[in-house]
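Colleague: I would like to learn how to read charge, burial and bonding from a set of coordinates. Could we go through the features one at a time, with the general rule before the case?

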Amino acid sequence: MSLLPAEIHTALDALLKGLQSPDNVERTAAEDQLNREWVGERPDVFLMGLSEQIELAQETSTRTFAAVLFRRQASKPRKTSRDTTGELFLTLPEEQRDVIRAKLLHCLGTETDPSVRSKIADTVADLGRMHTDEGVLWPELLQSLFQASQSNDSAQRMIAFRIFSTTPGLIEKQHEEVVIGAFKGGFGDSETSVRIAAVEAFAAFFRSINKKAQPKYYALIPEILNILPPIKESQDAELLTKALISLIDLAEVAPKMFKPLFNSLVQFSVSVIQDKELGDTARQNALELMATFADCAAQMCKKDATYTNDMVTQCLSLMTDVGIEDDDAEEWNENEDLDADESDSNHVAGEQCMDRLANKLGGQSILPPTFNWLPRMMTSSAWRDRHAALMAISAISEGCRELMVGELDKVLDLVIPALRDPHPRVRWAGCNAIGQMSTDFAGTMQEKYHQVVVPNIIPVLESSEPRVQAHAAAALVNFCEEAEKHILEPYLDSLLNHLLMLLQSPKRFVQEQALSTIATVADSAEAAFSTYYGTLMPLLFNVLNEEQSKEYRLLRAKAMECATLIALAVGKERMGPDALSLVQLLGRIQNTVSEPDDPQASYLLHCWGRMCRVLGSEFIPFLAGVIPPLTELAGAKADIQLLDDDDQVAQMQEEEGWELVPLKGKVIGIKTSTLDDKHMAIELIVIYAQVLEGAFEPYVNDIMDKIALPGLAFFFHDPVRVASAKCVPQLLNAYKKAHGPGSIQLGQLWGRTVERVLEVLSTEPAIDTLAEMYQCFYECVEIIGKNCLTAAHMATFITSAESVLKDYQERVKERLEEQDETEDGEELAEETLFAIEDDQNLLSDMNKAFHTIFKNEGPGFLPHWELLMQYYKMAAVNRDPTQRQWAICIFDDVLEFSGAQSQTYQEHIMQPLIDGMQDDVPANRQAAAYGVGVAAQKGGDAWSDFTAACLPTLFQVAQRASARDDDDVFATENACASIAKVLQFNPTKVQNWQDVAAAWIDTLPVTNDEEAAPFAYSFLAQLIEQQNPAVFAQVPKVFTLVAQALEAETLSGNTASRVVTATKALCQATNTNLAQLAAGLTPEQQRNAQAYFS
């Protein structure tokens, strides 16, 4: 029965017809009427009318459209009478909400058409989500859904679980016994489709609850797994796929709950992967489920008796499912779409899974079963077996790097013959393996195996198949990117002759790849490429000068890239007049770019950046043509679309360059391609500012205000914020170079900048990006210099730092709780390791920010700094070594830049330094030892007793058994320098000063730490100049210690001159023969000593 007058429904009928009209004019008028008259003026009547249309309309299409429109409009934002914004439905009077909700629940229970019922369910689910999000009660909904889940009508049971699936928040707060009972009923339903809907709902519910509540539901897993075998037996691949996807969701969240039945699940999944009758989708989802366990519970997988062997075997089997109807690869070779999407192919699924297994389980688990198969597969008469074996090597090399790197000769024995295989796809796979190994074993492949790799892959460039030629050239890119120029030089003739041959290929994609490879060779060979400049650059100029049709645009873009990389390699002098000619040519090409999809546009931006680096100040006249298109890209706004229904979401998923983000029951589409271009443009601006410095001044104000500072808070894209954080200091530096450090202009720009930079320290949500923001801050302060921060600035900095520290401590606490739940021997999840690394970087950059403020503001920072004392004290005794290091480094800054005023904080600083010198972590010993030295040097009389008392501990740091190991040497050298500082600045407090000075010489040399070395060796020079017995008794040793530091280049400039002069005087005073002393040095030390002492 309708509560609204007939004329309302007549008008509403006309509106619904207009909104669905194929006529644009009529539809636009209806949309205007909808927004203005209905939603704008009488939303209560509108939503009531739609609910009655859903209930009473005769035509299913009308009921369907009314449900879709209701859902779309009910969640639109609307201002309330209290001037707040809420979702439209919740702003209606409560009485009307009650009536509408009752009608919708009635429709949900009585609608017989499956399609309409589905749309009503979506609407009810969205309303349920709305109520849950805002804490508004709707008890009838839950009661209705629980009743529906037990209905005699399977369609009703299905709808109930579907709504639970899309809006799990509805049942989050219900008592677990009620929830478990509902799900148990669903898992045991007589209809398979309902059982699967219940599994999907449980997966969504389980993901939504907190970790502590999850174990209450572990007991349901056996009932879920019991659903699977009958579905497989019935060969219902679609339902099986749905079940597997839900299990994947559960495995991501709580893999351990599968532990009691894990082996059974492994066996079942393997049986699905093997069953070709089930189709590729179900088989690949079974593979994905097993790979998810490797991602999330590697230790559980390793401990299972069959998991690793079975998974490797199934992956390799899937990888042979390639080119089934193209045995001779004729179709493959004719296909010029090298980027064709094969992500849904079995062989790609197998390769990707092998990669994940290797990365998560490691070489010890994966290599034995893999290499049990590979030698046999490589000698198989079936080309697909050989192809799969080579692709497997490509897939596992990154994850198995540590073990494989020592066996590369054996691996190459398998791969190199494949480069001569009769089948083109095997040769292609051989090139792929070489390219991947060149990246994964970078350095070793190039240094040790260049004589094996390069002479064997160059002939593949002569293959008759263009795709093989191009892939061989691509593999050479990977090899050459990581190769030193001395490695490449012997091969340059042969390499470039073959690549020049490829430039004559009739296939454009081969020419494009050849240009990319030539560019990489030039980049790596650097000046050695000059010999080939005269041959190659004219060819590239010819390509760039030709008027070419649309299909050749990418080729010309690659030619631009190649020419500018060669320019960087050989330099301005070698290019001569070609440098300006190339820039002018790039300008002409830029003027021909008019279409938005022209690849030359983005290539040009990078080419201009390279030519700026080549020409330096000579590039300035071209800026007027280069900067406008760059700033247009850099200033682009985010392209965002609100997607109201599933059809729009599905359409957007098909388009490239979009990221979909769920938000309050809707989906937001963000065009990432625009954001990628914005990020790249800001990065290029950084290069111009770095290279041109003061000459970039005309563009600084506009870019700072319109691009860089707004970019710091561009929350749609993390890389844009990072690039902006790099850009801000470079723009300040360019302005400083142009106007001078104390100028009014720089002060005005800094005044606008500092407020925005400080603001993002409190608002940045991503941990890794927050570290970049702190780096941006301290680089800015470093550039502007002394006394650039007001008391308000420093207070704001401390407030944001406190907020960051609180959040950090909470994250550490959560991680420690998670670690307590892990089993013995279980490694931390990769996500956890990345999170720890991000936090370590954040603390490090915060440290540098504190350091820079102290350096530029001195004791003026102390009143603000001391407000966080509780955090420093907690960190100093924390079991986390990163936190201890953070505290010690900050105390070091107080000592270094506050002078005698640091004595106020002695009670807080002394013990952390004492403990730090005895810390098991070398970095903490280093920081503590440095702090003692700074206290001696800068702290004055108040610190003298303490620093003298620290001498025995400093000697212990320097005399550890591992003192000269790579990890420990910086701690050792800082201890050495600090002992010298105590001896120099607090001599009256040191008992047996002469004995200590003699013992100190044994803590030398300092050959790694460039900050510690000058002081240590200056003190050594002082001892020589004072004719101290400690040095006069050990002349050969002193000479060797000096020679070692000169060789390591930790001694240079005035300090080196002073030390060398003093050492010469020491040798003369003791009648010591320098030539005899030098005879005991290494050849390299002898050459260095001769240069200094001759």
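Modeller: Let us begin with accessibility: a residue is called buried under 20% relative accessible area, exposed over 50%, and partly exposed in between, with a 1.4 Å probe and protein chains only. The areas themselves come from the Shrake-Rupley method with a 1.4 Å probe, and for residues only the protein chains shown count as cover. This is a predicted model, in which local features need pLDDT of at least 70 and side-chain atom pairs count only at pLDDT 80 or more, while totals for chains, interfaces and linings use all residues. Residues are numbered from 1 along each chain as its sequence is written, and side-chain values use heavy atoms, with hydrogens and water left out.

Colleague: Is E810 buried, partly exposed or exposed?

Modeller: E810 has a relative accessibility of 39% and therefore counts as partly exposed. E810 is placed in helix α41, which spans residues 791-821; helices here are DSSP runs (H or I, at least four residues), as strands are (E, at least two), numbered from the N terminus.

Colleague: Which residues gather with E810 in a patch of negative charge?

Modeller: Patches are made of residues with over 30% relative accessible area and no salt bridge, like charges being joined within 9 Å and nonpolar side chains (Val, Leu, Ile, Met, Phe, Trp, Tyr) within 5 Å. Asp and Glu count as negative and Lys and Arg as positive, whereas His and the chain ends are not counted, and the place of a charge is taken as CG of Asp, CD of Glu, NZ of Lys or CZ of Arg. On the surface of this model, E810 is joined by D807, E814, E817, E818 and D820 in such a negative patch.

Colleague: How many salt bridges does the rule give?

Modeller: A salt bridge is a side-chain nitrogen of Lys or Arg within 4 Å of a carboxyl oxygen of Asp or Glu, and by this rule the count comes to 46. One of them pairs K216 with E176, whose closest N and O atoms are 3.9 Å apart. Because K216 lies in the loop between α10 (192-208) and α11 (221-225) and E176 in helix α9 (residues 176-187), the pair ties together parts that are 40 residues apart in sequence. K216 is partly exposed, at 45%, and E176 is likewise partly exposed, at 25%.

Colleague: What links E223 and K184?

Modeller: Their side chains meet in a salt bridge with an N to O distance of 3.7 Å, and this pair links distant parts of the chain, E223 being in helix α11 and K184 in helix α9, 39 residues apart.

Colleague: Where do E512 and R508 lie?

Modeller: Both lie in helix α29 (residues 508-525), four residues apart, or about one turn of the helix, and their side chains form a salt bridge at 3.8 Å, N to O. E512 is buried, with a relative accessible area of 11%, whereas R508 is partly exposed at 30%.

Colleague: How many disulfides does the rule give?

Modeller: A disulfide is a pair of cysteine sulfur atoms within 2.5 Å, and by this rule the count comes to zero. C776 is in no disulfide, since the nearest cysteine sulfur, that of C780, is 4.1 Å away. C776 is buried, at 1% relative accessibility. The sulfur of C950 is 16 Å from the closest cysteine sulfur, in C976, and is therefore too far for a bond; C950 also counts as buried, at 3%.
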